[in-house]
Amino acid sequence: MAPKEMIKKLGEDGFDLEAFQKQIQDAGDKRLHIVDVYTAWCGPCVSMVNTFKNLQTNVDNFEDRCSISQVERTAVPEYVDKVPQTSKPHFLFYKGGEEVLFVEGLKAPEILKFIEENLPPLEVDE
């Protein structure tokens, strides 16, 4: 069975700026939130999509432990100054309502290691 689509793009399917900010700023949310910040003329990092889908297929309950969003840099005011307008992808990671990592460029090994080390543990029913 193919994995469900878990990558949300800001501005599509009711996923607006308010919903995005609530998601990444929620201190009670244990999930790891990955944000692909891109420029309008370059688009989201398609190179990482297959990597994320692979994680979704191979990591237990990945979609319950992680969220992935694609955001055009000018759609979020604080990203305009933080993220330069280049063709390099930029990834921000949030956990517990705080930014925990900023990665500039397609550094898949670094990104994968960080995801592996920072996914919340599986919830175990007692």
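Which residues are buried in helix 1 (residues 17-25)? In this predicted model, the buried residues of helix 1 include Phe20, Gln23 and Ile24.

**View 1. The buried and exposed sides of helix 1 (residues 17-25).** Phe20, Gln23 and Ile24 are the buried positions shown in helix 1. When the helix is seen down its axis, the buried residues of helix 1 fall within an arc of 85°, so they line one face of the helix. Glu18 and Lys22 are exposed and belong to the face of helix 1 turned away from its buried side. The cover over the buried residues of helix 1 includes strand 1 (7-9), strand 2, strand 3, helix 4 (77-82), strand 4 and strand 5 (98-104).

**View 2. An aromatic cluster of Phe15, Phe20 and Tyr79.** The structure holds four aromatic pairs. One of them joins phenylalanine 15 to phenylalanine 20 in an edge-to-face arrangement, with 6.2 Å centre to centre and 90° between the planes. Phenylalanine 15 has a relative accessible area of 6% and is therefore buried, as the cut-off is under 20%. Phenylalanine 20, at 0% relative accessibility, likewise counts as buried. Ring pairs link these two residues and Tyr79 into a cluster.

**View 3. The aromatic pair of phenylalanine 93 and phenylalanine 114.** These two rings are edge-to-face, at 5.0 Å centre to centre and with 65° between the planes. Phenylalanine 93 lies in strand 4 (residues 90-95) and phenylalanine 114 in helix 5 (residues 108-118), so the pair ties together parts that are 21 residues apart in sequence. Both phenylalanine 93 and phenylalanine 114 are buried.

**View 4. Strand 2 (residues 32-38) and its covered faces.** Seven of the seven residues of strand 2 are buried. On one side these are Leu32, Ile34, Asp36 and Tyr38; on the other side they are His33, Val35 and Val37.

**View 5. Pairing of strand 2 with strand 3 and strand 4.** Strand 2 pairs with strand 3 (residues 66-72) in the parallel sense over seven bridges. Within this pairing, glutamate 72 of strand 3 is the bridge partner of tyrosine 38. Strand 2 also pairs with strand 4, here in the antiparallel sense over six bridges. Histidine 90 in strand 4 stands opposite valine 37.

**View 6. Lysine 82 over the ring of phenylalanine 102.** Lysine 82 is placed over the face of phenylalanine 102, at 5.3 Å from the ring centre.

Notes
Residues numbered from 1 in each chain as written. Predicted model: local features only at pLDDT ≥ 70, side-chain atom pairs only at ≥ 80, totals over all residues. Heavy atoms only, no water. Phe/Tyr/Trp six-rings, centres within 6.5 Å; stacked < 30°, edge-to-face > 60°. Buried < 20%, exposed > 50% of the residue type's maximum accessible area, 1.4 Å probe, protein only. Helix = DSSP H or I, 4+ residues; strand = E, 2+ residues; numbered from the N terminus. Lys NZ or Arg CZ within 6 Å of the ring centre and 35° of its normal. Pairing = 2+ DSSP bridges. Arc of directions from axis to C-beta. Contact = heavy atoms within 4.5 Å.
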